[in-house]
Amino acid sequence: MSGAEPRTFRSMFISDVHLGSKAAKAEFLIDFLRHHDADIIYLVGDIVDGWRLRRSWHWPQSHNDVIQKLLRKARKGASITYIAGNHDEFARQFQGVHFGGIVVADRAIHETADGKRLLVIHGDQFDTVVHNARWLAYLGDYAYDAAMLLNRIITRLRQVLGLPYWSFSSWAKVKVKKAVNFIGSFQTVLTEEARRSHVDGVICGHIHHAAIESYEDVQYINTGDWVESCTTVVEHFDGRMEILHWAHVLPETPVGSEVLVPIDIKGRAVQAA
């Protein structure tokens with residue numbers, strides 16, 4: 001795809017980049033943004049990881065490049081809305097403020113090309129652990145850091161053995177009963193919020209689990225993340241929504257980065273369509 005014009009969509013939804021953390025795959029996102037564009041872009045929370053930055057400062061050039069890439073898209077005419085999440089909750093005090101063409105909000109209503117109204121929200125507002133047991137949320141964040149460290153060790157070992165990329169944390173989400181139950185409960189609560197808001201669906205992030213599902217009359221869409229799965233949700237010009245996986249759509253890999261080969265939950269390589 002080198003030298004080719006970027007694929008353009010009507011809208012694009014990106015969440016959970018966690019810039020400021022060592023787990024953020026900023027180079028992959030830069031590569032994705034280089035080859036994909038949209039008239040409307042929503043940054044659906046946890047773009048910057050304020051929790052980790054408060055513990056220790058980590059901000060390499062690639063993280064700055066992601067911000068610059070988004071600002072450049074805004075300057076070229078893209079409408080960009082930054083929806084604050086729990087890791088970047090500091091942004092909630094700036095609702096309605098524009099930064100370099102990017103407007104900050106707590107939630108938004110997006111109208112698709114085919115007339116559907118979708119609530120765009122990070123989703124942490126409906127996570128009882130985040131709001132009712134803050135200390136437990138922070139403890140879980142430390143545990144997540146440990147899982148990401150283990151993930152990097154496993155990735156290196158699999159590279160040496162010539163095996164495809166495999167995410168330990170993603171595997172755990174589909175194998176551990178409590179994680180599966182949490183995901184299901186989260187989806188249910190978010191679809192109920194969409195009904196209360198009198199919209200046709202909801203687009204969120206927060207749980208790092210990309211999905212497009214229908215719950216009777218409500219569509220649930222989760223953008224995934226750029227820490228584990230490297231996924232973005234896009235809207236085509238006919239209103240159709242789709243999950244894009246970085247490893248599926250880009251044949252090239254940033255210099256010095258591991259190759260992401262998607263696999264199923266049994267560890268078998270999946271061929272991109």
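**Strand β8 and the salt bridges**

In this predicted model, strands β8 and β10 (residues 218-222) run parallel to each other and are joined by 4 bridges. One of the facing positions is easy to pick out: G201 sits opposite Q219 of β10. Strand β7 (residues 117-121) also pairs with β8, again in the parallel sense, this time over 3 bridges. Here V120 is the residue that stands opposite I203 of β8.

As for β8 itself, the strand covers residues 201-204 and has both of its faces covered. G201 and I203 point to one side, V202 and C204 to the other, and all of these residues are buried. So I203, which has V120 across from it, and G201, which has Q219 across from it, share one face of the strand, because G201 and I203 lie on one side and V202 and C204 on the other.

Now to the charged side chains. Side chains of opposite charge can pair when their charged atoms come close. In this model the count of salt bridges comes to 12. One of them brings together D106 and R92, with N and O 2.8 Å apart. The two partners come from distant parts of the chain, 14 residues apart: D106 belongs to the loop between β5 (102-105) and β6 (107-111), while R92 belongs to the loop between β3 (79-83) and β4 (98-99). Both D106 and R92 are buried. The pair does not stand alone, as R92, D106 and D124 are linked in a network of salt bridges.

Another salt bridge joins D217 to R195, and here the closest N and O atoms are 3.3 Å apart. D217 is located in the loop between β9 (211-215) and β10, and R195 in helix α7 (residues 177-196), so this contact ties together parts of the chain 22 residues apart in sequence. How open are the two partners? D217 has a relative accessible area of 56% and is therefore exposed. R195, with a relative accessible area of 32%, is partly exposed.

A further salt bridge is made by the side chains of E242 and R240, at 3.8 Å from N to O. With a relative accessibility of 25%, E242 counts as partly exposed. R240 falls in the partly exposed class too, at 45%.

How values were computed:
Residues are numbered from 1 along each chain as its sequence is written. This is a predicted model: local features need pLDDT of at least 70, side-chain atom pairs count only at pLDDT 80 or more; totals for chains, interfaces and linings use all residues. Side-chain values use heavy atoms; hydrogens and water are left out. Buried means under 20% relative accessible area, exposed over 50%, partly exposed in between (1.4 Å probe, protein chains only). Helices (H or I, at least four residues) and strands (E, at least two) are DSSP runs, numbered from the N terminus. Two strands pair if DSSP finds at least two bridges between them. A salt bridge is a side-chain nitrogen of Lys or Arg within 4 Å of a carboxyl oxygen of Asp or Glu.
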